[in-house]
Amino acid sequence: MHARFSPSASKRHLTCTPSLLLEEQFPDSVSTYAEEGTAGHALAEHLIKKYMKIRTKRPTSDFYTDELVEAVEDYVSYVVEQLEKVKTDYPMYIAAVEQKVDISGYVAGCFGTADMVIASPDKLHIIDLKLGKGVPVYAENNTQLMIYALGVLKTVEPIFDIETAELTIHQPRLQNVNTWELSIPDLKVWGEEVLKHRGAMALAGGGEFVAGEHCRFCKAKNQCRARADEMLKLARLEFKAAPLLTDAEIAEVLSKADELAKWASDIYTYAQEKAVSDGKVWTGYKLVRGKTNRKYTDEADVIEAAKANGYKDIFKTSLIGITEMEKLMGKKKFNDILGSLVYKPEGKLTLVPETDKREAVYISTLSEDFKEENL
């Protein structure tokens, strides 16, 4: 069961308030990514409860690959580190894993589950596990975590005089761990002036449609006219003042190009799914079979037949990857044995918006280099 106004979708519904009612026209669906995330969170809960000496049973799932388990263990190690720290600093604290949170005091019927809550006499720490591999998620102004903090405060404020909320996103598969702090007064002001007001608008279907990055997970994204209008504005750009685009115009296109590409991809995926599942015929398009590569029907039979005919050199060997090697040896032995033989190459230079959290790289021109060399 999910709340109509869910903390996990709050960024979208607070930004584009009428989208909540629009999405309710579409059926719920569960992706394999969501199922894997659920399995990962269940394992994290078990491991943290085990550390906290709470009775628990290890969950089972077909999603538990070595890679997923390692990602979960990385998150659990961080949580344990935070718990050990609070134990050292405070004689009394509260810790809760997969804590149910009621936020109905701000938005009617709103509730959710915080992955990890640690409350000490002066600080509330909310830690959220993200198992996605695609887009980095950040704690700063993260409405989901801010909502959890408001809900938890109602429970812990009678016990502690908390001054600060510390919000952390832990995204192990992207090596992304980031924390943002804000004062409790500022958090409450946001709750009263933004969450309560816009949350009520969302439940009533009020406000204006607003297209943007938040459209990514909206159930109406493929057919939303507001999103289409926003993207088509860019697609229909006409610059009559000069035959070449100015730098400012190119920058404007860059600011929207990524969203335009995602929108076009979403529309294509939607149209293809309708054609395959419902037999929908789109004017000017047809379904065809894609190219495939040949495969062996049975590798054991292939090996036997090849060897029987005198072919022996039919195998290839390769070194196992760094992650698998580290898991085989353990982190300490891996660093001792292979630490000096491992390096991390620089990533490919990529142009991204200024809002991206990664550090900027500044490239000098050849002429500047030449000048410096000849000074």
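Here is a quick tour of one helix pair and several salt bridges in this structure. Keep in mind that the model is predicted. A search of the whole structure turns up 18 salt bridges, and three of them get a closer look below. Before those comes the meeting of helix 5 and helix 6, whose axes come within 10 Å.

**Helix 5 meets helix 6**

- Helix 5 covers residues 143–156 and helix 6 covers residues 184–204, and their axes cross at roughly 105°.
- Since angles of 65 to 115 degrees count as roughly perpendicular, helix 5 is roughly perpendicular to helix 6.
- On the helix 5 side, the contact is made by Thr143, Met146, Ile147, Ala149, Leu150 and Leu153.
- Helix 6 brings Ile184, Leu187, Lys188, Trp190, Gly191 and Leu195 to the contact.
- Sort the residues of this contact by character and you get nine nonpolar, two polar and one charged.

**Salt bridges inside a helix**

- Glutamate 84 and lysine 87 join their side chains in a salt bridge, at 3.8 Å from N to O.
- Both sit in helix 4 (residues 66–89), and because they are three residues apart there, about one helical turn separates them.
- Glutamate 84 is partly exposed, at 35% relative accessible area, and lysine 87 is partly exposed too, at 40%.
- Further along, lysine 332 pairs up with aspartate 336, and their closest N and O atoms are 3.3 Å apart.
- That pair lies in helix 11 (residues 331–338), with the two partners four residues apart, or about one turn of the helix.
- Lysine 332 counts as exposed, with a relative accessible area of 64%, and aspartate 336 is exposed as well, at 55%.

**A network of salt bridges**

- Glu36, Glu67 and Arg173 are tied into one network by salt bridges that share partners.

**A salt bridge between two strands**

- Which residue does lysine 123 meet in a salt bridge? The partner is glutamate 181, and the N to O distance is 3.4 Å.
- This pair links distant parts of the chain, with lysine 123 in strand 3 (residues 123–129) and glutamate 181 in strand 5 (residues 176–183), 58 residues apart.
- Are these two side chains' residues buried or exposed? Lysine 123 is partly exposed, at 26% relative accessible area, and glutamate 181 is also partly exposed, at 42%.

Key: Residues are numbered from 1 along each chain as its sequence is written. This is a predicted model: local features need pLDDT of at least 70, side-chain atom pairs count only at pLDDT 80 or more; totals for chains, interfaces and linings use all residues. Side-chain values use heavy atoms; hydrogens and water are left out. Axes are lines fitted to C-alpha atoms, for helices over the stretch in contact, and angles run from 0 to 180 degrees between N-to-C directions. Angles under 35 degrees count as roughly parallel, over 145 as roughly antiparallel, 65 to 115 as roughly perpendicular and the rest as oblique. Contact means heavy atoms within 4.5 Å. Ala, Val, Leu, Ile, Met, Phe, Trp, Tyr, Cys and Pro count as nonpolar, Asp, Glu, Lys and Arg as charged, and the others, Gly among them, as polar. A salt bridge is a side-chain nitrogen of Lys or Arg within 4 Å of a carboxyl oxygen of Asp or Glu. Buried means under 20% relative accessible area, exposed over 50%, partly exposed in between (1.4 Å probe, protein chains only).
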